[in-house]
Amino acid sequence: MPKFKPSIALREHMLNGHPITILEALLLFGVQSPNRTLTTFKKNGFLIASRQVQMAKVITRINKYTVCKVPEGLPYKEIQLTEYWIKK
């Protein structure tokens, strides 16, 4: 039985057109070093684009797969995270 490989799962997710943040890479795929993984993707010839998005948008996406609650009082609608995707 093949073993689960977090970086491969992340790459396939991104190749299917889904953007990803560092938070999602950790929580949903178990990628322990998301920045290093994205750098490896770039070295392998993938064009990685990025933009800033509200953390509220990311939490909504995460909650489609698991439960993620922000701490009370955290201004998560004001916090910006970097979202990455593979350009085609």
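Me: In this predicted model, what share of the contacts between residues at least 6 apart in sequence joins residues at least 24 apart?
Reply: The model is a predicted one, and the contacts in question are those in the chain between residues at least 6 apart in sequence. Among these contacts, the share that joins residues at least 24 apart is 70%.

Me: In what order do the elements of the chain run from the N terminus on?
Reply: The chain has 4 helices and 3 strands, and the order begins with a helix at the N-terminal end. Read from the N terminus on, the elements run α-β-α-α-β-α-β.

Me: Which residues of helix α1 are buried?
Reply: Helix α1 spans residues 6–15, and a residue counts as buried when its relative accessible area is under 20%. The buried residues of α1 are A9, L10, H13 and M14.

Me: Why do the buried residues lie on the same side of α1, and what arc do they cover?
Reply: An α-helix has 3.6 residues a turn, so residues three or four places apart point the same way. Around the axis of α1, the buried residues are placed on the same side because they cover an arc of only 135°.

Me: Which elements are included in what covers the buried residues of α1?
Reply: The cover includes both helices and strands, and the helices named in it are α2 (22–29) and α3 (34–43). The strands named in the cover of these buried residues are β1 (20–21), β2 (47–54) and β3 (80–87).

Me: Which residue just after α1 takes a positive phi?
Reply: Helix α1 comprises residues 6–15, and the residue in question comes just after this helix. With a phi of about 95°, this residue is G17.

How values were computed:
Residues numbered from 1 in each chain as written. Predicted model: local features only at pLDDT ≥ 70, side-chain atom pairs only at ≥ 80, totals over all residues. Heavy atoms only, no water. Helix = DSSP H or I, 4+ residues; strand = E, 2+ residues; numbered from the N terminus. Contact = heavy atoms within 4.5 Å. Buried < 20%, exposed > 50% of the residue type's maximum accessible area, 1.4 Å probe, protein only. Arc of directions from axis to C-beta.
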